Amino acid sequence: MSTQTPLAPVGATSLGNSGPVREQRRLPRFAPLGLFLAGVAVGALLSALTGFSVALTVIYGVVLGSLFVYLVSRAVEGRRKAADRLVTSLVTTAFAIAMVPLVSLVYTVLDNGLPRLDGAFFTNSMYRVVGEGGGAYHAILGTVIITALATIISVPIGLLTAIYLTEYGTGRLKKAITFFVDVMTGIPSIVAGLFSYALFTLIFGVSVRMGVMGAVALSVLMIPVVVRSCEEVLKLVPNELREAAYALGVPKWRTVVKVVLRTAIAGLGTGITLSVARVIGETAPLLITVGLITGTNLNPFDGRMATLPVFAYYQLTQPGTATQAFLDRAWTAALVLIILVMALNVVARLITRFFAPKTGR
């Protein structure tokens, strides 16, 4: 009695008794990139034939490069892998295009701001300076003081509101608070400045300008960001932790303080730090409420104060006789602001890394 061996399907190999395993053909590692660059080259050639244009080159290159990758991958790897490579090409291209203005902005600010990034810029003010020289010492201190005061105002209000919405809030009051927080998130910064200006002028008169006015304006912008970020972080705390504390007879307020907040400390710190970075570069509300002076004023409750955004604005829009010196100071102030924002983002990452709950054993 003869036995016949079943024919193996095309493109399959048999490994013992484990059954046939289909061989999957794949493109070489750098083939998709090469195909995409070939499409870009063809797109540049087509653009050159019709009058070279960077925009047309990008459009032709993206379309042809993605098409080349898809067709070759479809012929070699199959439909599903080809669709994956097509989407990967489009997403990567979109990311690269989005990075172009960011890289251009950072390069422009570095190129124009580095010449005046010296010791004098951080140790001198603009008091009695009408041309070259001077610095932003007074503006840097003013920015730090006003932002710190806005943080002191915003963090307790925002954090307590988030705790109420997450742990206690129910019914119409919770819905109303959530609605108004959403509305405050989208208000223009100039509206916050006008609100603070109107509030203080009703009490102290029309000519009043104080650092605390700017802090109140920034807190109006900062509070909804703190509420939203803290609320989302508190929602991530597992309910099992709360239920375990309740089972031990721990009161709710103590559960919130000792369990919920301690578990979410990393996310709360990150959200608060990012909210500070959100408002530190605001110009319009500070332009209305705080104004600008050339000297140093460290008292936010008495007189005008200088801040970096307003300092850069006036240096750019109202240059004196030495125009280039004013422009250099404006670019350097913008560079310092970018450095401050980047530093705050790094601090947020470090908070997330070192204060997150340890899950390993």
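Modeller: Before we start, contact here means heavy atoms within 4.5 Å. Please also keep in mind that this is a predicted model.

Biologist: Happy to. Which residues of H11 do the H8 residues meet?

Modeller: The H8 side of this contact is made of Leu 218, Leu 221, Met 222, Val 225, Val 226, Ser 229, Cys 230, Val 233 and Leu 234. Across from them, the H11 residues are Gly 267, Leu 268, Gly 271, Ile 272, Ser 275, Val 276, Arg 278 and Val 279.

Biologist: Is H8 roughly parallel or antiparallel to H11?

Modeller: Two packed helices are described by the angle between their axes and the distance between the axes. For H8 and H11, the axes are 9 Å apart and the angle is about 155 degrees. Since angles over 145 degrees count this way, H8 and H11 are roughly antiparallel.

Biologist: And is the crossing of H8 and H11 left-handed or right-handed?

Modeller: Here we look at how one helix passes the other. Where H8 passes H11, the crossing is right-handed.

Biologist: Let's turn to H10. Which helices do its buried residues pack against?

Modeller: H10 covers residues 252-263, and its buried residues are Thr 255, Val 256, Val 260 and Leu 261. Seen down the axis, these fall within an arc of 145 degrees, so they line one face of H10. The partners packed against the buried residues are H5, H8, H9 and H11.

Biologist: Is Lys 258 buried, partly exposed or exposed?

Modeller: Lys 258 is also found in H10. Its C-alpha atom is separated by 9.5 Å from that of Ala 245, 13 residues apart along the chain. With a relative accessible area of 39%, Lys 258 falls between the 20% and 50% cut-offs, so the verdict is partly exposed.

Biologist: What about Met 305: what is its relative accessible area?

Modeller: Met 305 sits in the loop between H12 and H13. Beyond its neighbours within four places in sequence, its contacts include Gly 142, Ile 145, Ile 146, Gly 211 and Pro 300. Met 305 counts as buried because the cut-off is under 20%, and its relative accessible area is 0%.

Biologist: How far apart in space are the C-alpha atoms of Met 305 and Thr 289?

Modeller: Along the sequence, 16 residues separate Met 305 from Thr 289. In space, C-alpha to C-alpha, the distance is 9.7 Å.

Biologist: Which residues does Ser 66 touch, not counting those up to four places away in sequence?

Modeller: Ser 66 belongs to helix H2, residues 54-76. It is buried, at a relative accessible area of 4%. The residues it touches are Phe 36, Gly 61, Leu 86, Ser 89 and Leu 90.

Biologist: Is Arg 128 buried or exposed?

Modeller: Arg 128 has its place in the loop between H4 and H5. Its phi is near 60 degrees, a positive value in a residue other than glycine. At 72% relative accessibility, above the 50% cut-off, Arg 128 is exposed.

Biologist: One about annotation. Which residues does UniProt list for "domain: ABC transmembrane type-1"?

Modeller: The name comes from an unreviewed UniProt entry. In the model, that span is 78% helix and 0% strand, with its end C-alpha atoms 21 Å apart. The listed residues are 140-348.

Biologist: Last one: how far apart are the end C-alpha atoms of residues 85-110?

Modeller: The unreviewed UniProt entry lists this span as one of the transmembrane regions. In the model, residues 85-110 are 100% helix and 0% strand. The distance between the end C-alpha atoms is 36 Å.

Conventions: Residues are numbered from 1 along each chain as its sequence is written. This is a predicted model: local features need pLDDT of at least 70, side-chain atom pairs count only at pLDDT 80 or more; totals for chains, interfaces and linings use all residues. Side-chain values use heavy atoms; hydrogens and water are left out. UniProt positions are given in the numbering used here, feature names are shortened, and annotations may be inferred rather than shown by experiment. Helices (H or I, at least four residues) and strands (E, at least two) are DSSP runs, numbered from the N terminus. Buried means under 20% relative accessible area, exposed over 50%, partly exposed in between (1.4 Å probe, protein chains only). The arc is that of the directions from the helix axis to the C-beta atoms. Axes are lines fitted to C-alpha atoms, for helices over the stretch in contact, and angles run from 0 to 180 degrees between N-to-C directions. Angles under 35 degrees count as roughly parallel, over 145 as roughly antiparallel, 65 to 115 as roughly perpendicular and the rest as oblique. A crossing is left-handed if the near helix is turned anticlockwise from the far one by less than a right angle, and right-handed if clockwise.
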